[in-house]
Amino acid sequence: MTLAIVLAADPAAGHLTERLAAQWRRAGADDVRIAADLTELADLVAAATGPVLVSGADLVAHTAVLKHLATSPVGPTVALVLTDPPAPGQATVREERGQVVEVGAAEASGVFGGALRVGAADLPALAEAARRAAGGGPLGAVDRLVADLAARGTLIFAHRVRLLVAHRVGDEAQRAAAEAAVAAVDEDRAELKLSVKERDDFFTTFFVSTWSVYVTKAAARIGIGPTGVTMVSVAFAVAAAVLFGAGGRPALVAGAILLYLGFVLDCVDGQLARYTRHFSAWGGWLDTMADRFKEYVVYAGLGFGATHAGFRYGWALALAAMTLQTVRHMTDTWYGALHDEAARRPKVVSADAGGIGGKLNAASTRVQADTGSVSYWLKRTVVFPIGERWALIAIAAALFGPLVALVAVLVWGTLAFAYTGGLRTLRARWMRVPVLTTVDSGLHRDDGLLARTLPTARRPLLLAVLGALGAAGTLVWALLAVHGGGDLPVWVPVLALVLLLGAAQGSRAPHDGSLDWLVPAALRAAEYLFAIAVGVAGRAPAWLIFGYVLVLTLLHYDLTARLEKRQVAPPLHAATLGWAARSLLLAIGLIAGYASIALATLGAYLLVVFVASVVLAWVVLPARARGGVRSPG
């Protein structure tokens with residue numbers, strides 16, 4: 001149940017209070033109350049059980065602005081931030097990476113818009129802030145409230161207004177001007193435009209979003225939800241993969257067209273969610289998992305097609321592309337967490353503004369602010385985002401075939417990884433933020449029971465890199481041995497396993513180094529390369545090795561999606577054994593001469609656990625939380 005509270009204590013035209021109350025109802029609030037002061041607001045908050053929406057009585061805005069604030073998916077607690085010049089009594093704010101990092105900032109990036117949504121977990125802090133702010137001060141009541149809430153360390157995200165109108169008014173002239181500005185905007189048309197991301201990549205911006213909004217509008221009218229669009233997008237990608245595998249110019253061209261249309265739908269599902277405001281944790285999770293599944297299925301189709309066309313190592317290229325992209329995504333996720341944590345510690349970030357990291361950070365900020373410039377688009381394109389990847393695959397496959405498409409993806413992906421990795425490493429050393437101490441590093445390392453029972457050793461990054469190098473060395477040795485017609489000596493996988501288990505000893509060590517955000521990606525690389533090496537040395541079918549690694553990526557992207565939302569572990573996470581135990585089982589299978597059986601059995605087991613965990617997390621447990629479980633059938 002969502003409670004909206006209009007705080008009538010702020011100076012404003014009195015009749016705006018009832019207007020705001022009616023707007024909050026239209027925005028989706030289940031109950032709307034009017035509080036005369038912060039003490040009354042604190043009492044209402046103390047009795048609330050769900051999210052609370054708070055606004056002053058001086059806000060004139062489109063109802064859509066309030067609805068967007070109430071349904072914002074960026075975080076549980078969100079504040080409206082305006083670009084208007086601050087009036088007396090209004091709090092200025094400074095935001096970084098979408099977070100309000102300071103209220104009452106001297107170097108402000110905006111002004112508090114007089115409205116916020118507070119998640120259920122932050123309600124005790126809101127109630128206490130209201131009681132403390134009730135004593136008065138130079139700021140208005142709602143501004144004192146958000147200032148005290150921020151001072152308590154509450155993570156507040158910023159909600160900006162685009163295309164729509166929102167202003168805080170202090171007299172009749174300002175009110176009349178704001179209401180005229182609201183009336184001048186077509187609210188529905190603006191919402192449709194707002195469904196497109198404000199900043200997207202080059203290919204998406206100019207070759208997809210220019211017309212995808214019409215598909216979004218049609219889907220909304222028909223009544224298709226974001227999840228339905230996502231599933232159609234998956235079907236298009238699977239069909240494209242089949243055509244890439246079949247080969248032949250007509251099939252390749254048709255596959256490229258389907259891949260492009262599938263990417264358009266991949267954009268439409270997010271646009272539809274933003275347009276209809278139908279957000280859910282399930283939808284966000286599904287979108288993340290579907291994106292990776294679609295891309296990797298396409299890699300499988302290209303690998304099969306290249307092999308079918310006579311290239312011996314088609315599946316190897318597909319495996320390399322999948323491994324590279326997954327490791328890249330792991331570094332993206334952890335660097336994002338690092339940067340978010342650094343944004344909440346501005347004093348740490350500015351400590352070495354003259355160093356190379358500080359200069360790189362300043363240069364990046366300037367480029368990102370210069371939207372539309374050549375440098376801006378070049379920066380967004382060179383990192384090889386998903387739109388550019390799908391465009392490259394479609395064009396290369398249609399014109400030159402699967403082999404060229406895979407090679408192109410690997411070459412550009414490797415260069416992008418080197419570019420982003422190098423710059424981020426320099427910037428991370430400058431930030432000096434031990435990000436992995438703020439989350440459950442053991443969970444997101446995917447260690448498992450075996451890793452946690454091994455003796456603890458410090459320097460987790462060094463151990464993880466050594467494990468990755470050992471796995472890579474084993475893969476190279478296995479490739480050379482198989483290519484030469486021989487077998488892999490038993491001591492090679494044993495030595496690699498020793499190095500891997502050595503990496504596991506960093507599980508319980510503090511991840512407080514400036515580069516320890518690279519540890520999860522290094523461990524993913526180590527496990528994948530070792531699994532591939534076991535498959536190659538054991539002469540397992542290439543498709544089986546690909547399938548096993550694909551299942552591993554599903555497990556790890558599940559953890560990634562949960563890390564981004566700061567969610568708890570999957571219900572059956574312990575049953576996935578952890579990367580160290582999985583590698584040990586594969587090594588035993590290889591030494592015993594049953595590498596293919598080990599890959600197939602363990603892969604099937606992990607897939608069953610993953611599916612069962614998904615059903616538990618998104619069907620069974622939510623149903624129980626609602627008070628009952630649906631009967632089967």
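Which helices each supply at least two residues of the lining of the second largest cavity? I will come to that cavity in a moment. Please keep in mind that this is a predicted model.

To answer the opening question: they are α13, α23 and α24. Of these, α24 gives the most, with four residues. The space inside the second largest cavity is about 60 Å³. Its lining consists of Met330, Trp334, His444, Pro520, Arg524, His556, Leu559, Thr560 and Leu563. By type, that lining has five nonpolar residues, three polar and one charged.

How many cavities of 30 Å³ or more does the structure hold? There are two. The largest has a volume of about 80 Å³. Around the largest cavity you will find Asp446, Leu555, Asp558, Leu559, Pro570, Leu572, His573, Thr576, Val609, Phe610 and Ser613. Two elements, α24 and α26 (595-625), give two or more residues to this lining. Six of the lining residues are nonpolar, three are polar and two are charged. Leu559 is worth finding on the screen: it lines the largest cavity, and it also lines the second largest one.

Next, a pocket. The second largest pocket has a volume of about 590 Å³. Its lining is made of 21 residues, and Tyr313, Ala316, Leu479, Ile532 and Val536 lie nearest the centre. Of the lining residues, 15 are nonpolar, four polar and two charged. Helices α13 (314-343), α21 (460-483), α23 (519-537) and α24 (542-564) each contribute at least two residues to it. Where does this pocket lie with respect to the domains? Domain 2 (194-344 + 365-433) and domain 3 (435-632) both give residues to the lining, so the pocket lies between them.

Last, the nonpolar cores. As background, nonpolar side chains in soluble globular proteins tend to be buried together. Here the largest nonpolar core has 118 residues, and Phe244, Tyr299 and Tyr548 have the most contacts inside it. Helix α23 provides the largest share of this core, 15 residues. This core, too, lies between domain 2 and domain 3, because both domains give residues to it.

Take Phe244 as an example. Leaving out residues up to four places away in sequence, Phe244 touches Leu252, Gly255, Ala256, Leu259, Val298, Gly301, Leu302, Gly305, Ile393, Ala397 and Pro402. There is also a second, separate core of 34 residues, with Leu3, Leu44, Ala48 and Leu123 among them.

Key:
Residues numbered from 1 in each chain as written. Predicted model: local features only at pLDDT ≥ 70, side-chain atom pairs only at ≥ 80, totals over all residues. Heavy atoms only, no water. 1 Å grid on protein atoms, 1.4 Å probe; cavity = no way out; pocket = protein on both sides within 12 Å on 5 of 7 lines; lining within 4 Å. Points joined across faces, edges and corners; volume = space filled by probe spheres on them. Nonpolar A, V, L, I, M, F, W, Y, C, P; charged D, E, K, R; others polar. Domains from an automatic or database assignment. Core = buried A, V, L, I, M, F, W, Y, C linked by side-chain atoms within 4.5 Å. Buried < 20%, exposed > 50% of the residue type's maximum accessible area, 1.4 Å probe, protein only. Contact = heavy atoms within 4.5 Å.
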